Amino acid sequence: MNLNFSYYMPTRILFGCGKLNELGTTPYLPGKKALVVIGASGAMKKLGYLDRVIKLLKDNGAESVVYDKIQPNPVCEHVEEGAAVAKENGCDFVLGLGGGSTLDSSKSIAVMAVNPGQYWDYIARGSGGRKTPPNGALPIVAITTTAGTGTEADPWTVITKSDTNEKIGWGNNFTFPRLSIVDPELMVSVPPKTTAYTGMDAFFHSVETYLATINQPASDHLALEAVSLITKYLPIAVKDGTNMEARTKLAWANTEAGMCESLSCCISHHSMEHAISAYYPDVAHGSGLTMLSVSYFSYLAERNPARFPDLARAMGEKAEGLPEKKQAMAFITGLKKLIKKIGLKEEKLADYNIKKEDLRTFAENSFYAMGSLFDITPVKLTLDDVVTIYEKAYTD
Ligand SMILES: [Zn+2]
């Protein structure tokens with residue numbers, strides 16, 4: 001147990017079925033005019049969620065302006081355009097309605113709505129300018145419609161700079177949402193494949209924050225519970241998206257995994273995935289993570305088995321009485337079973353036209369763009385180690 005840590009989790013979270021309605025009455029709305037940010041797919045309009053949110057904001061005395069261009073693997077251009085819309089219309093807070101891409105974009109838009117220059121000036125890695133935004137950010141409200149990134153409970157926002165193939169996570173105390181609403185009823189419409197991808201993203205947030213060398217007791221508790229809940233309920237929700245018990249348990253697992261990302265941090269598995277989807281934006285984040293995972297975590301478990309037995313037990317795998325290395329590998333057995341149960345076993349990197357020659361480029365990019373996560377990974381990985389992990393994922 002690591003009893004040397006910093007704990008900061010300032011987001012007010014309204015959690016539960018039907019909680020969206022409280023947007024109309026909550027005293028914690030942080031402004032009078034919202035920039036409502038949604039995805040370009042049109043889903044929020046089709047499902048009626050956008051109209052509902054605008055009406056609830058109105059009931060609570062707030063006007064709305066809509067920005068609707070966010071795409072999966074969101075890009076800088078839309079952050080800057082959204083921020084310009086917020087400025088032109090005098091918005092005093094930003095409300096993100098949707099999945100991780102939309103909520104992350106809302107955070108970045110909130111920063112750029114009150115700060116000068118370009119978004120990449122403030123990014124702390126890769127080709128980013130490493131400046132500190134002088135003016136903080138507009139207050140952020142996050143309403144999540146998927147159980148995936150946990151971004152409603154953390155300060156992180158992941159945006160891609162397409163011309164340089166950099167997909168970089170960033171955040172500060174101002175990019176924690178002021179208010180988040182997690183209403184599992186909004187997640188019923190998520191299709192099976194997206195349910196599987198987003199669920200695995202939350203799963204790996206829990207696993208990685210548990211393994212990170214900067215783990216702390218509060219995130220340990222949350223991470224192990226999230227691993228258990230996702231192992232049990234993700235296969236159920238993939239099979240039957242209308243099962244409200246499964247949706248609710250997964251929504252909570254996702255939110256607690258987000259808290260883990262605030263208190264501990266993801267490790268280099270995420271750096272390695274970001275490199276893939278920076279070059280191949282058609283690869284969903286959760287899919288990329290899953291395709292890498294058996295190779296990546298086997299490599300770690302063989303070299304530093306500590307903490308893996310706890311994860312194996314959280315997945316319901318029998319680890320008792322075995323030597324430590326075998327207990328650690330029981331987690332890999334559990335991981336393989338879960339991937340199979342949710343129908344992602346057949347997905348391979350080659351299906352996305354990724355070439356073997358790309359793998360070294362990915363390895364270099366993962367250090368360049370997201371190198372700091374290697375510093376908190378419990379096994380020291382060299383560039384060649386990372387290439388080996390990609391190759392194993394590619395060929396197995
Ligand atoms: Zn993630």
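Select strand 6, residues 157-161, where 5 of the 5 residues are buried, so that the strand is mostly covered; here a residue is called buried if 20 or more other C-beta atoms lie within 10 Å of its own, exposed if 12 or fewer, and partly exposed in between, with C-beta atoms placed from the backbone. Strands (E, at least two residues) and helices (H or I, at least four) are DSSP runs, numbered from the N terminus. This is a predicted model, in which local features need pLDDT of at least 70, side-chain atom pairs count only at pLDDT 80 or more, and totals for chains, interfaces and linings use all residues. Residues are numbered from 1 along each chain as its sequence is written.

Show the side chains of strand 6 next: T157, I159 and K161 point one way, V158 and T160 point the other way, and all are buried.

Now add strand 7, residues 166-170, which pairs with strand 6 in the antiparallel sense over 5 bridges, two strands being paired if DSSP finds at least two bridges between them. Pick K161 and look across to E166, its bridge partner in strand 7. The two strands form a hairpin with 4 residues between them, and N165, in the turn, has a positive phi of about 50°.

Continue past strand 7 into the loop that leads to strand 8 (179-182), and select N173 there. Is N173 buried or exposed? N173 is exposed, because it has 10 other C-beta atoms within 10 Å. Then select D154 as well, since N173 and D154 are 19 residues apart in sequence and 9.5 Å apart in space, C-alpha to C-alpha.

For a helix, select helix 4, residues 100-112, whose 13 residues reach 18 Å from the first C-alpha to the last, close to the 18 Å expected at 1.5 Å a residue; the expected span is 1.5 Å times one less than the number of residues. Helix 4 is mostly covered, with 13 of its 13 residues buried.

Finally, colour the protein by its two domains, domain 1 (12-187) and domain 2 (192-395), with bounds that come from an automatic or database domain assignment. Their C-alpha centres lie 25 Å apart. In all, 25 residues of domain 1 are in contact with 31 residues of domain 2, contact meaning that the C-beta atoms of two residues, placed from the backbone, lie within 7 Å. On the side of domain 1 that touches domain 2, strand 1 (12-15) and strand 7 each supply at least two residues, and strand 7 gives the most, with 3 residues.
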